[in-house]
Amino acid sequence: MSKTDTTPFKSRFFLNPNNPWGEKIVFGLVLLVIFAALAYLAVKYTKFLITSFFKLNTVTWSTAVLCTVLVCAKFADRFPSNWRKAHDGVYLPQNQIEIWALLEEGSEMFLPYLVMLIMWQYHLIKKQKAV
C-alpha cells in the first residue's frame with residue numbers, strides 16, 4: 001500500500017508528484033509482471049479458447065460469461081460519472097444512479113460465484129475424463 005494514495009493500480013498514482021519514486025518503481029514492476037503474465041496466458045491459450053468456444057466447451061463459455069459480466073460491471077460503475085462529464089455536469093436522476101449502482105454491485109457480487117462454477121465444471125470434466 002502506498003503512503004499517499006489509496007491504490008497504486010491507477011494511472012493517477014504514477015502521475016501524482018507526492019508519491020515517492022521508489023513506490024512508483026516497485027508498483028510499476030509489480031504491474032509489469034502482472035501484465036506480462038496475462039499477455040503470456042493470452043498468447044498461449046487464445047487459439048484453444050477460440051476453438052473450444054465454437055465447440056461449445058462449457059468452461060470456455062463460462063469464462064466468456066465471466067469476462068462479459070466483468071465488462072458490464074465496469075460499464076455500470078462508470079456510466080453515471082461519464083454521463084455527467086458528457087452532459088456538462090448534468091447529473092442523472094437519483095433513481096437512475098441507484099439502478100446503475102445496483103447493476104454494478106450485483107454484477108460484482110456475481111463474479112466469485114461464476115469463478116466457483118467454472119472451477120466446479122473443470123473439476124467435473126477432469127473427473128469424467130479420468131474414469
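Among contacts in the protein chain between residues at least 6 apart in sequence, what percentage join residues at least 24 apart? The figure is 42%. Keep in mind that this is a predicted model.

## Overall layout

Let's start with the whole chain. The protein chain has four helices and zero strands, so reading from the N terminus you get α-α-α-α. As for dimensions, the C-alpha atoms fill a box of roughly 60 × 45 × 25 Å along the principal axes. The radius of gyration is 20 Å, whereas a compact globule of 131 residues would come in near 14 Å. Buried residues account for 21% of the 131 residues. The accessible surface comes to about 10,400 Å², and carbon and sulfur atoms own 71% of that area.

## Helix α2 and its bend

Helix α2 covers residues 21–54, which makes 34 residues. At 1.5 Å a residue, α2 should span 50 Å, and its end C-alpha atoms sit 47 Å apart, which agrees. Even so, there's a bend to look at: α2 turns by about 50 degrees at Y45.

Which residues of α2 are buried? They are E23, K24, F27, L31 and S52. The general helix rule is handy here: an α-helix has 3.6 residues a turn, so residues three or four places apart point the same way. The buried residues of α2 pack against α1 (11–15) and α3.

S52 deserves its own look. This serine belongs to helix α2, and it counts as buried because its relative accessibility is 3%, with the cut-off for buried being under 20%. Leaving aside residues up to four places away in sequence, S52 touches N57 and T60. For a sense of distance across the model, try S52 and P93: they are 41 residues apart in sequence and 44 Å apart in space, C-alpha to C-alpha.

## Two loop residues with positive phi

Just past α2 comes L56, with a positive phi near 60 degrees. That's worth a glance, since most residues other than glycine have a negative phi, and most peptide bonds are trans. L56 lies in the loop between α2 and α3. D88 also has a positive phi, near 55 degrees, and is a residue other than glycine; its place is the loop between α3 and α4.

Are L56 and D88 buried or exposed? L56 is exposed, with a relative accessible area of 61%, and D88 is exposed as well, at 75%.

## The loop around Y91

Y91 is found in the loop between α3 (58–86) and α4 (94–130). At 56% relative accessibility, Y91 counts as exposed, because the cut-off for exposed is over 50%. It still has partners: apart from residues up to four places away in sequence, Y91 touches W83 and R84. There's also P80, which is 11 residues from Y91 along the chain, with 7.5 Å between the two C-alpha atoms.

## The cysteines

How many disulfides are there? The count comes to zero. The sulfur of C67 is 11 Å from the closest cysteine sulfur, in C72, so the pair is too far apart for a bond. Looking from the other side, C72 is in no disulfide, and the nearest cysteine sulfur, that of C67, is 11 Å away. Neither cysteine falls in the buried class: C67 is partly exposed, with a relative accessible area of 42%, and C72 is partly exposed at 43%.

## Accessibility side by side

Here are the residues discussed above, with their relative accessibility.

| Residue | Relative accessibility | Class |
|---|---|---|
| S52 | 3% | buried |
| L56 | 61% | exposed |
| C67 | 42% | partly exposed |
| C72 | 43% | partly exposed |
| D88 | 75% | exposed |
| Y91 | 56% | exposed |

Key: Residues numbered from 1 in each chain as written. Predicted model: local features only at pLDDT ≥ 70, side-chain atom pairs only at ≥ 80, totals over all residues. Heavy atoms only, no water. Buried < 20%, exposed > 50% of the residue type's maximum accessible area, 1.4 Å probe, protein only. Contact = heavy atoms within 4.5 Å. Expected span 1.5 Å × (residues − 1). Bend = angle between axes of the 7 residues up to and from the residue. Rg over C-alpha atoms; globule rule 2.2 N^0.38 Å. Areas by Shrake-Rupley, 256 points an atom, 1.4 Å probe, with all protein chains shown as cover. Disulfide = S-S within 2.5 Å.
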